[in-house]
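Thanks for coming. I have one structure to go through today, and I will take it piece by piece. Please look at the sequence and the model while I talk.

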Amino acid sequence: MSAVIATERTHPLAMLALAIFALFWCLAVTMVKLEAGLPVRVWVLLLGLGWLATLYRVPWAELTRGNVHLSTLAGIAAVGMITTLWSTLDWPGTLLMVVKWVLQPALAFLFTVLIAHLYGVRVVVRIFFAVVALTAFVAVLQGLDFQPAWDLKYRFEQWQGLDRAQIFAIEQESGGGAYQDQYRSRGLSYSPIHLGYQITLVVGLLYYASQRAPALNPLSPRWTWTLIGLLFAAAVFSGTRSTIGGLLLLLPLHYLVCHKHRGVGVLLVTGLLLLAPVLFALASQLLDLRIFSTTDSSMQARVPLTMLGLKLFWDNPLGHGWLIEASDLADQYWHRLYHINNAEVVVYRGIHNHAVKMLFVYGLVGAGLLIYYLATLKRMFGVALLIALAPYGFHALFHNDGIFLGGNYIWVWLGILHCYWMEQRRNDAAT
């Protein structure tokens, strides 16, 4: 990609591209619902890519040829379009979903790769870390009942045309008892769940950098541990159990898979399994935190939602496409679910399990594409990358968004890694 460098990186016009990337990432994290026809972050992406194409001789063919990330996205687009049109014959809605689920992550990926190549991966990683650290810091302040932090979040919501109290009232009126996150810390992110995705990706990148790619972490050890502590505190204050669970999962997986003394991993996991129930029961008695609660409606809703998603997949293993929700078909399965505690949640909530949601939307072919993609990532980056993705994957098991369904954050993460991989391959070829 050396042909991309046509002018000095420090030229004011060139520096504008970096500013556009920083703006895009800020909007992606803090202003998810800000729209002008399309989400504003998409317009910023188009502006950034257009600016780079104007300034530089961008080798598009080199970027796209043999690119497993983009080819897998293309495969997902094909599967999604076929299943959606087969189910609905809605061309406008289908094309809109292509933009939302495929074009947007592809643009984010390409823009990140180009910016990382132009300014260096470490510069992009600093921006990636800084924005997530900011929203995590605000989340901690919110958890400490610092009112200006909440006021700042409400101001961001007003700019996006959001009324959190109104959303909460609508959900409650429709029976959405599982929606109880109005006062959970979320920083400047759209929700505690979105904050969880962002936290797990930063921690995953730090882990991979420590195992295979030190150049991906521009921070000193002291700042690295400070950032990890901040992110963990934000996860606790957000009350998102799946985020905490994903972060805690990283340590035993590391010892089981990547550590040179795997016997230690076996002992560690065995000890954790034996101690976990006792520690959890003790903590739930001593600490009044949502992460130690197992009786709220959100926790109880996961069983009927997952069962409905699996039953729908079993009855249509080719997938239902983008435009049909599981709740639209719930009445047909009520006679098989009504006896489950909190079964009424299937009428108004999504599946809330990304793995099951993938099966529901894309069917067996989509699941095969995901497995192929993960296997290719393992071959390119090593098994440490899959361990690094474990917190993100665990978090996604309890929510709808994920890599091929609204997981836009991860495509910036993958863009960083892909640029690093390209540079390493070029350096190896030169030696």
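I will start with a helix pair. Thr-112, Ile-115, Ala-116 and Tyr-119 of H5 are in contact with Val-121, Val-123 and Val-124 of H6. By class, the residues of this contact between H5 and H6 are 6 nonpolar and 1 polar, with no charged ones. Before going further, I should say that this is a predicted model.

Now the geometry of that pair. H5 covers residues 91-119 and H6 covers residues 121-143; their axes come within 6 Å and cross at roughly 125°. H5 is therefore oblique to H6. The cut-offs behind that word are these: over 145 degrees would count as roughly antiparallel, and 65 to 115 as roughly perpendicular, so an angle outside those ranges and not under 35 falls into the oblique class.

Next, the chain as a whole. It has 17 helices and 2 strands. There are 431 residues, and 52% of them are buried. What share of the contacts between residues at least 6 apart in sequence joins residues at least 24 apart? That share is 79%.

Let me show some individual residues behind those totals, beginning with Val-412. Val-412 sits in helix H17, residues 408-430. Its relative accessible area is 0%, so Val-412 is buried. Setting aside neighbours within four places in sequence, Val-412 touches Phe-21, Phe-24, Trp-25, Ala-108, Thr-112 and Phe-128. Thr-112 is a residue we have already met, on the H5 side of the contact with H6. Val-412 also pairs up in space with Val-113: the two are 299 residues apart in sequence, and 8.3 Å separates them, C-alpha to C-alpha.

Ile-20 is the next one. Ile-20 belongs to helix H1, residues 12-30. Is Ile-20 buried or exposed? Its relative accessibility is 7%, and so Ile-20 counts as buried. Apart from neighbours within four places in sequence, the contacts of Ile-20 are Val-44, Leu-47, Gly-48, Trp-51 and Phe-111. Of these, take Gly-48: it is 28 residues from Ile-20 along the chain, with 5.9 Å between the C-alpha atoms.

Now a loop residue. Ser-189 is in the loop that runs between helix H8 (164-173) and helix H9 (192-211). With a relative accessibility of 0%, Ser-189 counts as buried, because the cut-off for that class is under 20%. Not counting residues up to four places away in sequence, Ser-189 touches Val-29, Thr-135, Lys-153, His-194, Leu-195 and Gln-198.

Staying with H9, we come to Gln-211, which is found in that helix. Gln-211 has 34% relative accessibility and so counts as partly exposed. Leaving aside neighbours within four places in sequence, Gln-211 contacts His-254, Cys-258 and Ala-384. The C-alpha atoms of Gln-211 and Leu-385 are 9.1 Å apart, with their positions 174 residues apart along the chain.

Two residues deserve a look for their backbone. Most residues other than glycine have a negative phi. Leu-89 is not a glycine, yet its phi is positive, about 55°. Where is Leu-89 found? Leu-89 is in the loop between helix H4 (68-88) and H5. Its relative accessible area is 69%, so Leu-89 is exposed.

The second is Asp-145, again not a glycine, with a positive phi of about 60°. Asp-145 lies in the loop between H6 and helix H7 (147-159). At a relative accessible area of 65%, Asp-145 is exposed.

Last, a pocket. The second largest pocket holds about 450 Å³ of space. It is lined by 18 residues, and those closest to its centre are His-354, Leu-370, Leu-374, Gly-393 and Ile-403. Two elements give two or more residues to this lining: helix H15 (354-381) and helix H16 (383-396). Which of the elements gives the most to the lining of the second largest pocket? H15 does, with 8 residues. What is the class make-up of the lining? There are 16 nonpolar residues and 2 polar ones, and no charged residues.

That is the tour. I will leave the model on the screen for discussion.

How values were computed: Residues numbered from 1 in each chain as written. Predicted model: local features only at pLDDT ≥ 70, side-chain atom pairs only at ≥ 80, totals over all residues. Heavy atoms only, no water. 1 Å grid on protein atoms, 1.4 Å probe; cavity = no way out; pocket = protein on both sides within 12 Å on 5 of 7 lines; lining within 4 Å. Points joined across faces, edges and corners; volume = space filled by probe spheres on them. Helix = DSSP H or I, 4+ residues; strand = E, 2+ residues; numbered from the N terminus. Nonpolar A, V, L, I, M, F, W, Y, C, P; charged D, E, K, R; others polar. Axes fitted to C-alpha atoms, helices over the stretch in contact; angles between N-to-C directions. Contact = heavy atoms within 4.5 Å. Buried < 20%, exposed > 50% of the residue type's maximum accessible area, 1.4 Å probe, protein only.
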